[in-house]
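Colleague: Before we discuss the assignments, could you put the model up, so that I can ask how each label was reached?

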Amino acid sequence: MPQIPEKVHELTVGQVSARSGAAVSALHFYESKGLITSRRTAGNQRRYTRDTLRRVAFVRAAQRVGIPLATIRDALAELPEERTPTREDWAHLSEAWRAELDERITQLSRLRDHLTDCIGCGCLSLETCVLSNPDDVFGERLTGSRLMAERRDRPAP
């Protein structure tokens, strides 16, 4: 990993990419989504402050555990003066994300357990397939087009 001298306070997109391991296109994407910021030079080149490296590490760690970028952006925006996240910030935010991750793990485990059955039968029935129609709450009452017909028959609110 290339070292950047301490006296350098701004980094090019290439330097941030090399240090963070994120592709240049990912950095541009993060910037377009409001996760990181840069200033533009007179020649319209991006320059990032050194703390961008910590923000990128924070974003990538959150992405690895399955947190959506919009949720990450909202979390970063809640930090005072949009400062760089600290270890304490990560602990607080990861605790808040725990319930969401637990629910996702439960859903994925259920899908994994039914995956073989679904592929094995080959039906891919929208009425009974646990992959196409998970947690079917209407299936016991009505299915398919009859449900749509019931919705059309109701008067508008």
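Colleague: Leaving aside neighbours within four places in sequence, which residues is arginine 60 in contact with?

Modeller: This is a predicted model, and in it arginine 60, which sits in helix α3, is in contact with Ser20, Gly21, Ala22 and Tyr30 once its neighbours within four places in sequence are set aside. For one of these residues, alanine 22, the C-alpha atom is separated by 8.3 Å from that of arginine 60, although the two residues are 38 apart along the chain.

Colleague: Why is arginine 60 called partly exposed?

Modeller: Its relative accessibility is 24%, and since buried requires a value under 20% and exposed a value over 50%, arginine 60 falls in between and therefore counts as partly exposed.

Colleague: Arginine 47 is buried, so what makes you say that it has no salt bridge?

Modeller: The nearest side chain of opposite charge, that of glutamate 10, is 5.2 Å away, whereas a salt bridge needs the side-chain nitrogen within 4 Å of a carboxyl oxygen; the pair therefore does not qualify. Glu10 is nevertheless among the residues that arginine 47 touches, as are Leu11, Thr12, Ser38, Arg39 and Thr41, not counting residues up to four places away in sequence.

Colleague: Which side chain makes a polar contact with the side chain of arginine 47?

Modeller: That of glutamine 45, at 3.1 Å, which lies within the limit of 3.5 Å for a polar contact.

Colleague: Arginine 47 lies in strand β3; how do you know that β1 and β3 pair?

Modeller: Pairing requires at least two bridges between the strands, and β1 and β3 have two, in the antiparallel sense, so the requirement is met. Within this arrangement leucine 11 stands opposite tyrosine 48 in β3.

Colleague: What makes β1 and β2 edge strands?

Modeller: The three strands form an open, antiparallel sheet in the order β1-β3-β2. Each of β1 (10–11) and β2 (39–40) has a single partner strand, so one side of each is left without a neighbour in the sheet.

Colleague: How do you know that the buried residues of α1 line one face of the helix?

Modeller: The buried residues of α1, which spans residues 13–20, are Val13, Val16 and Ser17. Seen down the axis of α1, they fall within an arc of 100°, and therefore they line one face. In general, residues three or four places apart in an α-helix point the same way, because there are 3.6 residues a turn. The cover over the buried residues of α1 includes β1, α2, β3 and α3.

Conventions:
Residues numbered from 1 in each chain as written. Predicted model: local features only at pLDDT ≥ 70, side-chain atom pairs only at ≥ 80, totals over all residues. Heavy atoms only, no water. Buried < 20%, exposed > 50% of the residue type's maximum accessible area, 1.4 Å probe, protein only. Lys, Arg positive; Asp, Glu negative; His and termini not counted. Polar contact = N/O pair within 3.5 Å; in protein donor to acceptor, adjacent residues only side chain to side chain. Contact = heavy atoms within 4.5 Å. Helix = DSSP H or I, 4+ residues; strand = E, 2+ residues; numbered from the N terminus. Arc of directions from axis to C-beta.
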